[in-house]
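User: I'd like to go through this one by asking how each label was earned. Can you set the values against the cut-offs as we go?

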Amino acid sequence: MEPLSTTAFLVSAAVKVLVIFTVWLLVVAGVTLAERKVAAWIQDRSGPNRVGPWGVLQPIADGIKNFVKEEHIPGGASRILFHLAPVMAMFPAFVVFAVIPVAAPLPTPWGLVEVIIADLPIGFLFVLALASLGVYGLTLGGWASNSKYSFLGGVRASAQMISYEVALGLSLVPIFMLAGNVTLPEMVRQQQNSLWYILPLMVGFLFFSVSYFAETNRMPFDMVEAESELVYGFHTEYSAMKFAMFMMAEYANLVTASALMATFFFGGWDIPFWTGDNISVAADGAVVGAVPAWWITLLTAASFAAKTGFFIFVFMWVRWTVPRFRYDQVMSLGWKVLIPMSVVYVAILGAAMLALDAAGIEFGVRYALSLTAINVVLMAGIVFWLDRRRIILGAAWRQVRPQQARSRG
Amino acid sequence: MDISQLVFYLFAGVAVASGVLMITRKNPVYSAMYLVLTLFSVAAIYVLLDAHFLAALQIVIYAGAILVLFLFVIMLLNLGHDFVPDLRGKFWWFVGIGLGLVLFAELFVLARNAPEASGPDVLAPLLRSQGAVGAVAEPLFENYVVAVEVTGVLLLVAMVGAVVIAKRKV
């Protein structure tokens, strides 16, 4: 199929932006409801069930409420930054989704359209760049409110997000080494041709998910809100729509994080055990692999949505399972555990890849399986040896053990 | 006018304006935010030059990490209330203006002697064959590997020094 003409490219880009962002905004609105429903389910309550059947119209009711509520600006607040902060939190959270491939390429009468808003040559670095900008909204929101609780939340946000950005970047180095590229469609293609990276890069997934939980300030790491310590953290002083914008930014980050986990480690839009969706476009515009069709695009989009939805659920599941860390524990986990271990992991995997290349094994299923074996060993090592019953069982085991000894003896 | 030229003038204007605002604001938090805006606009100009990797690094490192640290320090120490201008007296004004003129002269010299092997025409085939990261990484780790390693050691020394100073009992 021929490459798109300039006009077709512009039109397709506009249509993609409209469709993907509309769906995405609806998903973000739905996630706010899903969070409350999942919370209710885990705590054995009903959750919101008054607005519409099963409470499905609750996000709309929330939106109307937030629009018509009175807006309060605290005295002594820095007005410009107070107004700008929610926007600065929301903008990066929304733009990041542009580089994530959503489905297999869609054939149209004007040419093959890739279902991704912007296939940037820097791919993941764009995600990292915008994720690092998200901290300004939180920090400045806390500072501009002229309140000590907000301020503490803002300072915590800047320290925590800088620390975990390093761990986040390092945890993805193994993927770049394996894929030899940083663009996300290329990673999806490579996972289709070998194994999903969750197997050969299991330990990397552990590091990535922990750092991304911290980067999005979700529950075990939500030190910036910490309602038992800081009232409501950096957005204590915010009300009405500005508060809603902070919440939308948080849920947008949550959806993006889930989509990234699905793309990096679970094959993106790939449908497992089926080669009919292995479609890719070579550099000269030729289509490689299966023949594109509209129903394949729909099926792969559904596959992507299912994976993303699962990780959104995992985020909520963790929120209602793991208690909040203490602030110094968060920092020492980032600097003293995650960063050194990621560096060691990069070194081990680099050596393993050099050895595999030297042994003449081509990149493919066998290559990935050899790395999987190494990762299983490393994972077992991390869980049973490095942990020494501290992180997984928590600090309580020291008190629990004498009691157990007594009850046994 | 070409659309990329329009984009260039937009971002160049924003970069210069926010640069001027950065040094004239009295509140250091606003200054830091204008510096972020400057860095962001410069990153956009890098993208126009097809230097995608440089643009990403500019945002990740400068706008995303270093400026957040600046902001952290400004906010934590509550700086900027006892405001004293850095340029005190006529002498320092002249020094400042003189240094500014030297920088301007350097710009003109650079504009005259711009290297020919640069710009999107040269970069585009390189980007296609090696990707945005490879085009930077390959010369860095092949032709300039000694310089990279030496810089790494230098940064390590600085880091150890910072830790030693921070650990010293006062």
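User: What makes you say that α4(B) lies largely in the open?

Analyst: This is a predicted model, so take it as such. A residue needs 20 or more other C-beta atoms within 10 Å to be buried. Of the 24 residues of α4(B), the number that are buried is zero, so the helix lies largely in the open.

User: How does the reach of that helix, residues 89–112 of chain B, compare with the expected value?

Analyst: From its first C-alpha to its last, α4(B) reaches 36 Å, close to the 34 Å expected at 1.5 Å a residue.

User: Which helix of chain B, residues 3–24, is called hardly covered, and what is the count behind that?

Analyst: That's α1(B): the count of buried residues among its 22 residues is zero. Its reach is 32 Å, close to the expected 32 Å.

User: And what makes α6(B) hardly covered?

Analyst: Again the buried count: zero among the 23 residues of α6(B). End to end, α6(B) reaches 33 Å, close to the 33 Å expected. Among the elements of chain B, α6(B) (residues 145–167) also has the highest mean pLDDT, 91, while α5 (residues 120–142) has the lowest, 75.

User: What about chain B as a whole: how many helices and strands are there, and what share of the residues is buried?

Analyst: Chain B has six helices and zero strands, running α-α-α-α-α-α from the N terminus. Of its 170 residues, 18% count as buried. For contacts in chain B with a separation of 6 or more, 51% are between residues 24 or more positions apart. The average pLDDT of chain B is 83, and 88% of the residues score at least 70. For the model, ipTM is 0.77 and pTM is 0.82.

User: Why does B:Glu138 count as exposed?

Analyst: The cut-off for exposed is 12 or fewer C-beta neighbours. B:Glu138 has 12 inside 10 Å, so it counts as exposed. You'll find B:Glu138 in helix α5 of chain B. Its C-alpha is 32 Å from that of B:Phe70, with the two positions 68 residues apart in sequence numbering.

User: Over to chain A. Why is A:Trp54 called partly exposed?

Analyst: Partly exposed is the band between the buried cut-off of 20 or more and the exposed cut-off of 12 or fewer. A:Trp54 has 13 other C-beta atoms within 10 Å, so it falls in that band. A:Trp54 is in the loop between α1 (6–42) and α2 (58–68) of chain A. The C-alpha atoms of A:Trp54 and A:Lys37 are 9.5 Å apart, with the two residues 17 apart along the chain.

User: Where is A:Asp44 found, and what is its phi?

Analyst: A:Asp44 is in the loop between α1 and α2 of chain A. Its phi is positive, about 60 degrees, although A:Asp44 is not a glycine. That stands out because most residues other than glycine have a negative phi.

User: Is A:Asp44 buried or exposed, and how do you know?

Analyst: Exposed: A:Asp44 has 6 C-beta neighbours inside 10 Å, and the cut-off is 12 or fewer.

User: What makes A:Asn146 partly exposed?

Analyst: Its count is 16 C-beta neighbours inside 10 Å, so A:Asn146 is partly exposed. A:Asn146 lies in the loop between α4 and α5 of chain A and has a positive phi of about 60 degrees without being a glycine.

User: Why are α4(A) and α5(A) described as roughly antiparallel?

Analyst: Their axes come within 7 Å and cross at roughly 170 degrees. Angles over 145 degrees count as roughly antiparallel, so α4(A) and α5(A) get that label. Among the residues making the contact are A:Phe124, A:Leu128 and A:Trp143 of α4(A), and A:Phe151, A:Met161 and A:Leu172 of α5(A). By class, the contact has ten nonpolar, nine polar and one charged residues.

User: Lastly, how many residues does each chain put into the contact between A and B?

Analyst: Chain A gives 20 residues and chain B gives 20. On the side of chain A, α4 (124–144) and α5 (148–179) each supply at least two residues, with the largest share, nine residues, coming from α4(A). The residues on that side divide into 15 nonpolar, four polar and one charged.

Technical notes: Residues numbered from 1 in each chain as written. Chains lettered and ligands numbered in written order. Predicted model: local features only at pLDDT ≥ 70, side-chain atom pairs only at ≥ 80, totals over all residues. pLDDT = per-residue confidence, 0-100. Helix = DSSP H or I, 4+ residues; strand = E, 2+ residues; numbered from the N terminus. Contact = placed C-beta atoms within 7 Å. Nonpolar A, V, L, I, M, F, W, Y, C, P; charged D, E, K, R; others polar. Axes fitted to C-alpha atoms, helices over the stretch in contact; angles between N-to-C directions. Parallel < 35°, antiparallel > 145°, perpendicular 65-115°, else oblique. Expected span 1.5 Å × (residues − 1).
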